[in-house]
Amino acid sequence: MRLASYELTIDAPAAAVWELLTTAEGLVRWVGPQATAEPEPGGALRWTHPNGATVVGRFVELVPHRRLVFTYGWEDGRMGVPPESTTVEIDMSERDGVTTLRLVHRGLPPEAVEPHEQGWAYFLGELRAGV
């Protein structure tokens, strides 16, 4: 299994970025038209992209405004990534109201790494634009 990683700088405080990552209201602003989020360990996480593809996972670790870990997979098992089969780790650091976000997506099958890197690059750009 391999990992995809991505890093970007967002011109917003970490608290604002955290809300976009951990609430249904925040998720629909950047990732898709439907989302469910129960931001507590074991809580459900689900979102549907505009094309109808749905991600299913659970929150694993939440350190407000600093670290978020959740399981991730596709409801239909696309790209060999069934629900909750991989792990996404997001670490954030803030300096002078600017947040650096580092995302690592672990456990992907080798053929799924590149499409997920492209997907994260696109959607994290949407997150940055939505703050």
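**View 1. The largest cavity holds about 50 Å³ of space.** The model is predicted. A search of the whole structure finds one cavity of 30 Å³ or more. Leu-21, Leu-27, Trp-30, Leu-45, Trp-47, Phe-70, Ile-90 and Trp-120 line the largest cavity. Sorted by class, this lining comprises eight nonpolar residues, no polar residues and no charged residues.

**View 2. The largest nonpolar core contains 35 residues.** Trp-30 and Leu-101 have the most contacts inside this core. Two helices and several strands appear in this view, as listed next. The helices giving two or more residues to the core are H1 (14-22) and H3 (110-130). The strands that do so are S1 (2-10), S3 (44-48), S4 (54-63), S5 (67-72), S6 (86-95) and S7 (98-108). H3 supplies the largest share, six residues. In soluble globular proteins, nonpolar side chains tend to be buried together. Trp-30, one of the two residues with the most core contacts, is also among the residues lining the largest cavity.

**View 3. The largest pocket has a volume of about 200 Å³.** Its lining is made up of 15 residues. Nearest the pocket centre lie His-49, Tyr-72, Trp-74, Gly-119 and Phe-123. Helix H3 gives the most to this lining, with five residues. By class, the pocket lining splits into ten nonpolar residues, four polar residues and one charged residue.

**View 4. Trp-47, Phe-70, Tyr-72, Trp-74 and Trp-120 make up one aromatic cluster.** Some members also belong to the linings shown above. Trp-47, Phe-70 and Trp-120 help line the largest cavity. Tyr-72 and Trp-74 are among the residues nearest the centre of the largest pocket. Trp-74 also meets a charge: the charged end of Arg-78 sits over the Trp-74 ring. The distance from that charged end to the ring centre is 5.6 Å.

**View 5. Tyr-122 and Phe-123 form an edge-to-face pair.** The count of aromatic pairs comes to five. In the pair shown here, the ring centres of Tyr-122 and Phe-123 are 4.9 Å apart. Their planes stand at 85°, so the pair is edge-to-face; the cut-off for that class is over 60 degrees. Tyr-122 has a relative accessible area of 49% and is therefore partly exposed, as exposed means over 50%. Phe-123 has 15% relative accessibility, so Phe-123 counts as buried; the limit for buried is under 20%. Phe-123 is also one of the residues nearest the centre of the largest pocket.

Note on methods
Residues are numbered from 1 along each chain as its sequence is written. This is a predicted model: local features need pLDDT of at least 70, side-chain atom pairs count only at pLDDT 80 or more; totals for chains, interfaces and linings use all residues. Side-chain values use heavy atoms; hydrogens and water are left out. On a 1 Å grid over the protein atoms alone, a cavity is a set of points where a 1.4 Å probe fits but cannot get out, and a pocket is an open set with protein on both sides within 12 Å along at least five of seven lines; lining residues have an atom within 4 Å of a point. Grid points are joined across faces, edges and corners, and a volume is the space filled by probe spheres set on the points. Ala, Val, Leu, Ile, Met, Phe, Trp, Tyr, Cys and Pro count as nonpolar, Asp, Glu, Lys and Arg as charged, and the others, Gly among them, as polar. Rings of Phe, Tyr and Trp (its six-membered ring) pair if their centres lie within 6.5 Å; planes under 30 degrees apart count as stacked, over 60 as edge-to-face and the rest as tilted. Buried means under 20% relative accessible area, exposed over 50%, partly exposed in between (1.4 Å probe, protein chains only). A charge sits over a ring if NZ of Lys or CZ of Arg is within 6 Å of the ring centre and within 35 degrees of the ring normal. A nonpolar core is a set of buried Ala, Val, Leu, Ile, Met, Phe, Trp, Tyr and Cys residues joined through side-chain atoms within 4.5 Å. Helices (H or I, at least four residues) and strands (E, at least two) are DSSP runs, numbered from the N terminus.
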